[in-house]
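Q: Hi! I'm new to this one and would love a quick tour. Can you pull it up for me?

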Amino acid sequence: MRLLSLLALGTLMLPLAALAADPDSYAQPDQVRITHLDLDLTIDFPRKQLEGVATLTLDWKNPDAPSLVLDTRDLKIASIEALHGNGKSSPLNYVLSPPDKALGSKLTVTAPNHPQRVRIVYATSPAATGLQWLGPAQTADGKLPFMFSQSESIHARSWVPLQDSPAVRFTYDAHISAPKDIRVLMSAINDARHPLDGNFSFDQPHPIPAYLLAIAAGGIAVKETGPRSAVYAEPSVVDKATHEFEDTEKMLATAEKLYGPYRWGRYDILVLPPSFPYGGMENPDMTFATPTVLVGDKSLVSLVAHELAHSWAGNLVTAASWRDIWLNEGVTTYVQGRITEALYGKALADEEALLSARALQKDIADMPANAQKLAPDPRGVGADDALSDVAYDKGSWFMRTLEQRFGRRAFDAYLKGYFNHFAFQSITTEQMLAYLKPQLIDRYPGKMRWAEVKAWVYGTGIPKDATLPDSPRFDTIDRERKAFLAGTLGADEIEAKGWNTQEWMYFLDRLPDVTPSGKLGELDATWHLTGTPNAEIGMRWYSHAIAGGDTSVWPAAAAHMIRIGRLYLTLPLYKAFARTPQGLAYAERVYAQAKPGYHPLTQQAVEAIFVKARKGSH
Ligand code: BES
Ligand code: ZN
């Protein structure tokens, strides 16, 4: 690791990926690599488990490798065998190590004879961190059960034994058995007309990293939004979702014009129940999305632009380890802005860039030095800690800075070339920089010094001369907020009638952390924020109202917390409540009610907030 960062700052020699082991995986891809995965699984809703067989095709790299080391978490392994060319099989010995809290259990399969294929019979645990199981009552339509995976960052190992590192890519095919009437979807081409007969087959012919392996099953309807795009959702949600996402084909065409052909065939979207722990997940061919973006006016569809952008930044060119995750999320957030600009105008794209940049400016100084870096020192960065606003918002800010310095023509050509050059590879920050230098920085001398690039990538904070777009509408909001707080402008004089979602977010984001409850009451009386159907606004509003000490909003905040399991929209409310003993006690009661509907990751995160708060109060 140390060697890697020294090289990184120095000569930029290639290939560095070979040197960098992934600290978040037990796998040893320099010894042997999975090239193909064949899954044959049954979905057992009553027992909340997947059971069946994973067959791994292997490419042995080291002729002396004694074993195949895999990542697992909470898997029950029934047997492991080698499959031989002549169709025969023979059992293999294996050791499943005691679980590590962060990494799960290392599975060491003794295989000195280097079989080309290994067959593992196994079942998942009902508590698998990468799966959520919902009973019919926890779905919108209340008729059929539902299950879905969320593999990123390191949860694929909780439902398939594999090399769970983004440095390893493999193709896959799958056969999935399910009860009748259930539709099964995976991160592969899905057929909208597939009969609901309990037998589904999938083929993902492009090599993908484990974190893009995905499955979902439930009472799911489908509607087309274009020749290569459709929306999947529960029947009562599908029309609303189809309307919200009707611009998907236009987004595809925009991205293709900028960065070349979309290589994955179809781009479908699955809208999940509100317990989905993220906003969106870029599963190939089938983005998974939260229903909290279905607000009726398309104001939150940048989420689709974002997940679609991953089809180039992330799914085509992948970060080799979680330390380099800004290569996925930062570049994607930049491309997202370009798609938003092309479809909905520069004013909206600039507002979105400003919202996140200003939030980052506010928060970055309080982060540990290592966390402020795009490419942190890999020691001590866990997979989940690697993911912060820095990856998204400092990363996209760096990309916008490059665009500004070199101009759109040169930068667009560079980025398109970058996606093609590294297509279907997993790369480190240092590989990206080794390409950036000759292809952009040195090619157009005098535009940007290399020391500036290094400051963006390896430095803390945000470079002093970083620029931001202008937004006259945000400037007006800043003035109105200030006047309102100073008492020179009444709540009813704020010209918020025409505000879009982003403008409300900006107004609320920049209210003081603890705003006097009288002021908050005035706002609510005029603008009726309590009970808003827009969860982005609700999350911000309830956080302020709780911090301001207004207990009358507690029931509405609780309803939001019980309904929505998306981490980013729910955790801030638990944190706001946890600041006082009464609030903490209330939040614990809310959680008792919400918990059965929460994803395992949301449960873990809420419980961690409680543990921290209880410690703090001693
Ligand atoms: N790939 C991420 C989601 C993710 C990252 C899941 C890391 C688990 C670990 C996805 O593309 C994403 O960034 N989603 C955002 C949406 C967005 C518009 C920024 C989210 O979920 O909020
Ligand atoms: Zn993303």
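Q: How much area do domain 2 and domain 3 bury between them?
A: In this predicted model, domain 2 and domain 3 bury about 780 Å² between them, and 55% of that is on carbon and sulfur atoms.

Q: Okay, and which residues of domain 2 lose the most area to domain 3?
A: Those are Glu351, Leu355 and Arg358, which together make up 67% of what the domain 2 side buries.

Q: How many residues are in contact there?
A: On the domain 2 side there are 7, and they are in contact with 10 residues of domain 3.

Q: What about salt bridges across that interface, how many?
A: The rule finds 1 between domain 2 and domain 3. Lys362 and Asp513 form a salt bridge through their side chains, with N to O at 3.6 Å.

Q: And how do the domain 2 residues touching domain 3 divide up?
A: You get 3 nonpolar and 4 charged residues, with no polar ones. As for polar contact, 3 residue pairs are counted between the two domains, both residues being at pLDDT 80 or more.

Q: Let me step back: where do the domains run along the chain?
A: Domain 1 covers 27-127 + 153-207, domain 2 covers 317-458, and domain 3 covers 472-616. The C-alpha centres of domain 2 and domain 3 are 30 Å apart.

Q: New topic! What lines the second largest pocket?
A: Its lining has 27 residues, and nearest the centre are Leu272, Pro273, Pro274, Pro291 and Arg563. By type, the lining divides into 17 nonpolar, 7 polar and 3 charged residues.

Q: How much space lies in that second largest pocket?
A: About 470 Å³.

Key:
Residues numbered from 1 in each chain as written. Chains lettered and ligands numbered in written order. Predicted model: local features only at pLDDT ≥ 70, side-chain atom pairs only at ≥ 80, totals over all residues. Heavy atoms only, no water. Domains from an automatic or database assignment. Contact = heavy atoms within 4.5 Å. Buried area = accessible area lost by both parts, 1.4 Å probe. Salt bridge = Lys/Arg side-chain N within 4 Å of Asp/Glu carboxyl O. Polar contact = N/O pair within 3.5 Å; in protein donor to acceptor, adjacent residues only side chain to side chain. Nonpolar A, V, L, I, M, F, W, Y, C, P; charged D, E, K, R; others polar. 1 Å grid on protein atoms, 1.4 Å probe; cavity = no way out; pocket = protein on both sides within 12 Å on 5 of 7 lines; lining within 4 Å. Points joined across faces, edges and corners; volume = space filled by probe spheres on them.
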